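This report walks through a structure step by step, for a reader who is new to looking at such models. Please keep the sequence and the picture in view while reading.

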4 protein chains.
Amino acid sequence: MAQETKARIRKAAIEVIAEEGFFNTRMQDIADRAQLAVGTIYNYFSSKDEVLSYIFKYEIQRRMKSISELKEQKLSTRRFLKKFLDRHFLTLRENPNLGRVLVREKEFSRAKDNNEIKENMNSLIKMLEDIFVEGINKAEIKDINAHLMAVYFFGSMQGIIEFALTEPEIEMLVDGPDFIIKRIEHIFK
Amino acid sequence: MAQETKARIRKAAIEVIAEEGFFNTRMQDIADRAQLAVGTIYNYFSSKDEVLSYIFKYEIQRRMKSISELKEQKLSTRRFLKKFLDRHFLTLRENPNLGRVLVREKEFSRAKDNNEIKENMNSLIKMLEDIFVEGINKAEIKDINAHLMAVYFFGSMQGIIEFALTEPEIEMLVDGPDFIIKRIEHIFK
Amino acid sequence: MAQETKARIRKAAIEVIAEEGFFNTRMQDIADRAQLAVGTIYNYFSSKDEVLSYIFKYEIQRRMKSISELKEQKLSTRRFLKKFLDRHFLTLRENPNLGRVLVREKEFSRAKDNNEIKENMNSLIKMLEDIFVEGINKAEIKDINAHLMAVYFFGSMQGIIEFALTEPEIEMLVDGPDFIIKRIEHIFK
Amino acid sequence: MAQETKARIRKAAIEVIAEEGFFNTRMQDIADRAQLAVGTIYNYFSSKDEVLSYIFKYEIQRRMKSISELKEQKLSTRRFLKKFLDRHFLTLRENPNLGRVLVREKEFSRAKDNNEIKENMNSLIKMLEDIFVEGINKAEIKDINAHLMAVYFFGSMQGIIEFALTEPEIEMLVDGPDFIIKRIEHIFK
DNA sequence: AATGAATGAGGCTTCATTCAT
DNA sequence: TATGAATGAAGCCTCATTCAT
């Protein structure tokens with residue numbers, strides 16, 4: 001039924017966009033991959049842009065939920081960050097195509113009124129900033145610029161992911177979390 | 001003369017692409033900004049893709065040259081990295097549009113045979129890796145995974161730049177170099 | 001039962017087509033207005049064109065029947081024309097949407113094999129021509145070109161209707177019949 | 001040069017639209033008739049709708065100019081109307097396709113924000129109304145409802161034209177002006 | 001008899017590229 | 001060398017129609 005088809009389109013789109021890039025992907029390509037007619041996609045999405053937006057919204061919301069659960073576990077800042085990285089990198093290892101789309105296509109159609117994706121990314125960074133602020137307040141980490149730290153953390157994470165997803169380096173995703181945590185070890189008191 | 005016109009096109013392209021994104025930029029837009037006719041662009045570039053490639057090639061080569069000069073100064077690894085960051089961040093502060101293009105459009109037309117840009121980016125990372133290897137050999141820094149470190153360093157740098165170039169946070173580029181160096185302080189012996 | 005549904009579709013179609021025009025009306029719009037599923041329409045009509053054809057056929061036949069009744073009353077030509085105008089203009093005042101469809105959509109799909117509507121319109125003009133011929137024969141009106149007169153009469157009638165149905169001038173339909181009759185007063189002996 | 005091409009497109013569009021109707025005409029058809037590429041049309045018009053709008057604007061402006069000239073001749077109301085009809089009917093006899101487009105396609109895309117055509121038609125009716133008002137003031141014609149008279153006059157004119165342009169009746173355009181004038185003879189004092 | 005998700009042909013429009021001036 | 005009108009392939013999207021339930 002309805003939601004099945006929408007999910008099928010989402011998954012097909014992730015695959016094709018990961019392979020070809022968003023701008024090089026034609027609606028027909030997505031339809032072919034999903035084994036549907038083009039018209040069917042338009043029964044679920046109003047435009048090509050909306051397909052990509054939906055992928056981001058869907059995945060970021062899953063991550064936000066996962067983070068909320070993590071927060072409820074009242075972990076130390078270090079363990080929280082570690083678990084967050086573990087989960088995120090594991091998801092990407094299991095679905096590298098999704099990762100490719102998420103890191104590569106975030107800049108699409110900036111010129112249009114599609115700030116939704118940007119906002120979703122920023123909400124993730126904001127969440128990281130909150131974690132650092134909290135860590136500082138709980139005297140678990142040193143008094144650093146939490147905002148800059150969040151951007152730095154997110155950037156290094158994205159950088160590794162982006163590089164790792166370049167096919168032959170996927171194993172970098174295995175070592176990533178530990179490496180990152182070790183790099184910021186010095187901010188913990 | 002010839003080179004003047006080519007440079008004018010390059011600069012116009014950087015401006016427009018920074019504002020609209022590569023895929024949303026039409027050759028006509030570049031021509032308008034350069035106050036030239038579209039046809040003229042094709043006297044200097046064989047295609048739209050080549051305009052972007054040229055921007056990357058031109059800028060990366062400038063950076064590589066700047067790095068070569070730096071290498072000849074026989075600086076310590078720490079001072080080398082610091083100077084590299086300073087120069088890079090300063091350039092971007094002086095020409096944020098260029099930065100926007102470099103960080104955002106690197107993924108363009110992956111599906112096509114346009115690996116040139118990718119190779120240029122990778123040569124920068126390779127260069128960083130060399131620096132870390134050299135630092136390890138000279139016993140200036142600890143024995144870490146140089147490749148992963150280069151990717152991490154580059155990623156965090158790009159992350160800050162990307163975020164900083166989102167208009168209202170340009171000042172992040174001022175604090176960036178010191179922040180990054182402090183973050184990796186622990187790898188120095 | 002069956003005929004109820006078909007009438008519901010006809011009425012819904014008149015409303016939507018009056019508002020949006022035939023070519024801007026989608027089958028889905030008609031279905032929505034009739035509170036039915038699109039598929040249901042196809043149980044009663046074989047195509048979108050047929051829906052419009054049916055509206056014309058249905059209404060013109062009603063008018064022809066009304067005219068036949070009028071003819072049986074053996075009225076003078078003047079009184080016949082007056083009663084015909086009165087009835088017609090009254091119907092349109094009661095259902096302006098129907099009028100809008102009848103005057104505006106008569107030209108649709110000329111290029112296709114859909115002459116049915118055209119024929120229906122022409123049969124109305126032919127009927128008017130008969131009335132004028134008869135009037136001449138009965139020496140009630142002067143010897144004019146009956147065919148041209150019919151076209152003229154029909155055109156002026158349509159013109160007023162078309163203009164009147166432009167929302168704010170509906171009251172023109174009230175004065176219309178008398179005005180038209182007065183205009184052709186001179187043809188009566 | 002530029003204006004030549006635009007005129008070529010306008011003329012080709014009139015022909016094809018007269019034959020097929022606006023909605024059944026594809027941009028490709030217009031391009032074929034004009035012996036141009038589709039893309040070329042878009043160098044002169046921003047959309048298909050605009051092509052039709054332009055035809056109306058262009059022709060109505062010509063008529064308005066022709067009317068202004070007529071007004072300067074200080075003719076009696078009767079002679080003015082006669083000359084106006086003569087000119088108009090002659091133009092249509094010389095270019096029946098133009099007439100077909102003007103009478104048939106005036107209702108197109110009402111649902112969109114394309115009131116331009118409507119306004120152009122109304123300006124013609126308004127002009128006629130002015131003529132009648134002036135005639136009343138100059139005591140050349142009786143005291144009738146000038147607005148209704150203008151609508152009536154315009155409608156009957158359109159009706160004859162519409163019917164006449166149905167191929168086999170073109171000669172109706174020859175008798176039209178005199179017939180119409182005779183019909184309204186009684187309004188002159 | 002009613003439903004509405006799926007279909008896919010077809011139209012409008014865009015825009016990189018060419019080429020005659 | 002510069003120009004910009006002309007080109008036409010290609011993509012997005014619409015919507016009448018079908019058909020399994």
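## Contacts with DNA strand E

In chain A, N43(A) has a polar side-chain atom that lies 3.3 Å from a base nitrogen of DNA strand E. The whole arrangement is a predicted model, and every distance given in this report should be read with that in mind. Phosphate oxygens of DNA strand E also have polar partners: a polar side-chain atom of T40(A) lies 2.8 Å from one, and in chain D a polar side-chain atom of Y42(D) lies 2.6 Å from one.

The elements that give two or more residues to the surface near this strand are helix 3 of chain A, residues 38–41, and helix 3 of chain C, which also spans 38–41. Helix 3 of chain C provides the largest share of that surface, with three residues.

## The surface around the strand

There are 28 residues around DNA strand E, and those that come nearest are G39(A), Y44(A), M27(B), Y44(C) and Y42(D). On the side of the DNA, sugar and phosphate make up 73% of the atoms of strand E that come within 4 Å of the protein. When the residues of the surface near DNA strand E are sorted by class, twelve are nonpolar, twelve are polar and four are charged.

## An annotated region of chain A

The UniProt record, an unreviewed entry, carries the annotation "domain: HTH tetR-type" for residues 3–63 of chain A. Over residues 3–63 the model of chain A is 75% helix and 0% strand, and the C-alpha atoms at the two ends of this stretch are 20 Å apart.

## How chains A and B are related

Chain A can be superposed on chain B by a rotation of 180 degrees with 0.0 Å of shift along its axis, and the RMSD is then 0.1 Å. That is the relation of a two-fold axis. The C-alpha of chain A nearest to this axis belongs to S156(A), at 2.0 Å from it.

Of the interface residues of chain A, 98% are also interface residues in chain B, and therefore the copies meet through the same surface.

## A buried residue in chain B

Is E59(B), a residue of helix 4 (residues 48–72) of chain B, buried or exposed? E59(B) counts as buried because its relative accessibility is 3%, which falls under the cut-off of 20%. Leaving aside residues up to four places away in sequence, E59(B) touches R10(B), L98(B) and L102(B).

Note on methods:
Residues are numbered from 1 along each chain as its sequence is written. Chains are lettered from A and ligands numbered from 1 in the order in which they are written. This is a predicted model: local features need pLDDT of at least 70, side-chain atom pairs count only at pLDDT 80 or more; totals for chains, interfaces and linings use all residues. Side-chain values use heavy atoms; hydrogens and water are left out. Copies are superposed by least squares on the C-alpha atoms of residues with pLDDT of at least 70 in both. Contact means heavy atoms within 4.5 Å. UniProt positions are given in the numbering used here, feature names are shortened, and annotations may be inferred rather than shown by experiment. Helices (H or I, at least four residues) and strands (E, at least two) are DSSP runs, numbered from the N terminus. A residue is near a molecule or strand if one of its heavy atoms lies within 4 Å of it. A polar contact is a pair of N or O atoms within 3.5 Å; within protein, one must be able to donate a hydrogen and the other to accept it, and residues adjacent in sequence count only if both atoms are side-chain atoms. Ala, Val, Leu, Ile, Met, Phe, Trp, Tyr, Cys and Pro count as nonpolar, Asp, Glu, Lys and Arg as charged, and the others, Gly among them, as polar. Buried means under 20% relative accessible area, exposed over 50%, partly exposed in between (1.4 Å probe, protein chains only).
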